[in-house]
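Here's a quick briefing to read alongside the model. Keep the viewer open and follow along topic by topic.

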Amino acid sequence: MKDTKTGTKCSQPRKEGSRQKVHAEHGEYARAYNSARISETDSTDAIESRDELLEEMVSRDNMNKAFKRVKANKGSHGIDGMGVDELLQYLRENGETIKQSILDGTYRPKPVRRVEIPKENGKKRNLGIPTVVDRVIQQAIAQVLTPIYEKQFSESSFGFRPKRSAHDAIRKSQRNIQEGYKYVVDMDLEKYFDTVNQSKLVEVLSRTIKDGRVISLIHKYLKAGVVVKHRFADTEIGVPQGGNLSPILSNIMLNELDKELENRGHRFVRYADDMLIFCKSRRSAKRTLENVLPFIEEKLFLKVNREKTMVDEAKKVKFLGFSFYEKKGESRVRIHPKSVAKMKAKVKELTSRSNGMGNEERAEKLRRYIMGWINYFKIADMKKLLQTTDEWMRRRIRMVYWKQWKRVKTKFEKLQSLGIHKQKAWEYANTRKSYWRTSNSPILSRSLGNNVLKNLGFLFFSDYYRQVIA
């Protein structure tokens, strides 16, 4: 990227009284579009080979579906400040003009707004947030491209595809290991979305999409630029991560690698830019890595992170937050220690004594986090992990309440109200032991028992896990 202008004003006038959503876009890429609801049409084959694809994209039905998806996903505003709640009225007033400018080839996408999301390693991931209008147009393009390219995509590709998930990728990996492919090339593409060669991507698109106006429109989105702290910068390379087009463009580009691996007879599993290539020996895995590197770097013009790309036993790698192990000759799945550590850090943050949360808010945020975490990791073996985590989390919650009671009189009255005998209540109300030590005492375990905490609105990992797998 190179700066071309300082202080560029890219905003449109905002309507009086309009609201603006400002919440962080963390996780928007994963939510940007879910193509599971997109159905194929009988006209797909005809459309992709004729000059009618753009008309299909801007058709009333397709644009309405795109609008509904963008509205449901919510998300933050782009550089013009327009929120999703203002989108319907804006499209009613300007929809036909926008549609005609797309058909005429005069439509110009606005630059994306740069948002930085912290990564696990302390670095930051760049997201590009398009305007809500551009999100609708990108979604409309994606809805038409998806059924066309689904016919071409590999059975070993699972990321951001209809009726496919991370769970499917883990299950296929598990089967490969079970069948003797116990060594892997753990491929790491360095800053993939930031380094995609746009010319190569356009070339790949042009092999299938014969409507040049569609190629031109997609190219405009790639070249739209980015606004970082009120400064405009060109986007000469890369695909903005965060837009509704990013997932399918990512898969279209990496499908070239999928096809090459299939032609060479390799077993692999890919989820977006995360990939494992499975081999039967370490030597074979090393040879595979050496042979595939030139194709990735010289044919696709992508960068491989040599430090993070490795050859190892499958049971030693982390893939999509999971890891693999063997029990009684059977390949099994568990949660990778780094994912466990990340979970515990989040629970610790939510049960901190000094985060300023009320107990109702704390219980609700813990509930949402636990439900999301269990739903993602539910295919792993984790009963024992959840039991120990729950014990630790309950102790932290008891510690929060003990600190909130503060004064001796309050502690005494609370303990009595929770069924503790007067003498024991007075004894513990006057204890000088630390909050953490007291939280593990028999008195607090009885007064703030498991059922009491549940009645206060707290959900525990083990309880929700049993509901999910029942």
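Y271 has D274 in β8 as its bridge partner, and that pair is a handy way into this predicted model. β7 and β8 make a hairpin with two residues between them, and the two strands pair in the antiparallel sense over five bridges.

**The β7-β8 hairpin**
- R267 also has its bridge partner in β8, namely F278.
- In the turn, A272 takes a positive phi of about 55 degrees.
- β7 is mostly covered, with four of its five residues buried.

**The sheet around it**
- The hairpin strands belong to an open sheet of four strands, ordered β7-β8-β4-β9 and paired antiparallel.
- Strands β7 (267-271) and β9 (310-313) are the edges; each has a single partner strand, so one side of each has no neighbour in the sheet.
- On average, neighbouring strands here are turned by 25 degrees against each other, ignoring direction.
- If you're tracing side chains along the strands, remember that in a regular strand they alternate between the two faces of the sheet.

**Helices packed on the sheet**
- Helix α7 (residues 166-178) packs on the sheet and touches β7 and β8, with its direction at about 160 degrees to that of β7.
- Helix α12 (residues 282-299) lies across β4 (183-188), β8 and β9, and runs at about 25 degrees to β4.

**R171, a residue of α7**
- R171 sits in helix α7 and is partly exposed, at 34% relative accessible area.
- Its side chain makes a polar contact with the side chain of Q174, at 3.0 Å.
- That spacing fits the helix pattern: an α-helix has 3.6 residues a turn, so residues three or four places apart point the same way.
- Which residues does R171 contact once its neighbours within four places in sequence are left aside? They are V333 and I379.
- R171 and V333 are 162 residues apart in sequence, yet their C-alpha atoms are 8.6 Å apart in space.

**Helix α11, leading up to β7**
- The 18 residues of α11 (residues 246-263) should span 26 Å at 1.5 Å a residue, and the end C-alpha atoms are indeed 26 Å apart, so the two agree.
- There is a bend all the same, of about 35 degrees at L254.
- α11 is mostly covered: 15 of its 18 residues are buried.
- Just after the helix, G265 has a positive phi of about 80 degrees.

**Two more positive phi values**
- Some background first: most residues other than glycine have a negative phi.
- K74 goes against that with a positive phi near 60 degrees; K74 is in the loop between α4 (60-73) and α5 (87-104).
- F160 is another non-glycine with a positive phi, about 55 degrees, and its place is the loop between α6 (132-150) and α7.
- Is each one buried or exposed? F160 is buried, because its relative accessible area of 14% is under the 20% cut-off, while K74 counts as partly exposed at 49%, which falls between 20% and 50%.

**The whole protein**
- The protein has 21 helices and 11 strands.
- Of its 470 residues, 51% are buried.
- Among contacts with a separation of 6 or more, 76% come from residues 24 or more positions apart.

How values were computed
Residues are numbered from 1 along each chain as its sequence is written. This is a predicted model: local features need pLDDT of at least 70, side-chain atom pairs count only at pLDDT 80 or more; totals for chains, interfaces and linings use all residues. Side-chain values use heavy atoms; hydrogens and water are left out. The expected span of a helix is 1.5 Å times one less than its number of residues. The bend at a residue is the angle between axes fitted to the seven residues ending there and the seven starting there. Buried means under 20% relative accessible area, exposed over 50%, partly exposed in between (1.4 Å probe, protein chains only). Two strands pair if DSSP finds at least two bridges between them. Axes are lines fitted to C-alpha atoms, for helices over the stretch in contact, and angles run from 0 to 180 degrees between N-to-C directions. Contact means heavy atoms within 4.5 Å. A polar contact is a pair of N or O atoms within 3.5 Å; within protein, one must be able to donate a hydrogen and the other to accept it, and residues adjacent in sequence count only if both atoms are side-chain atoms.
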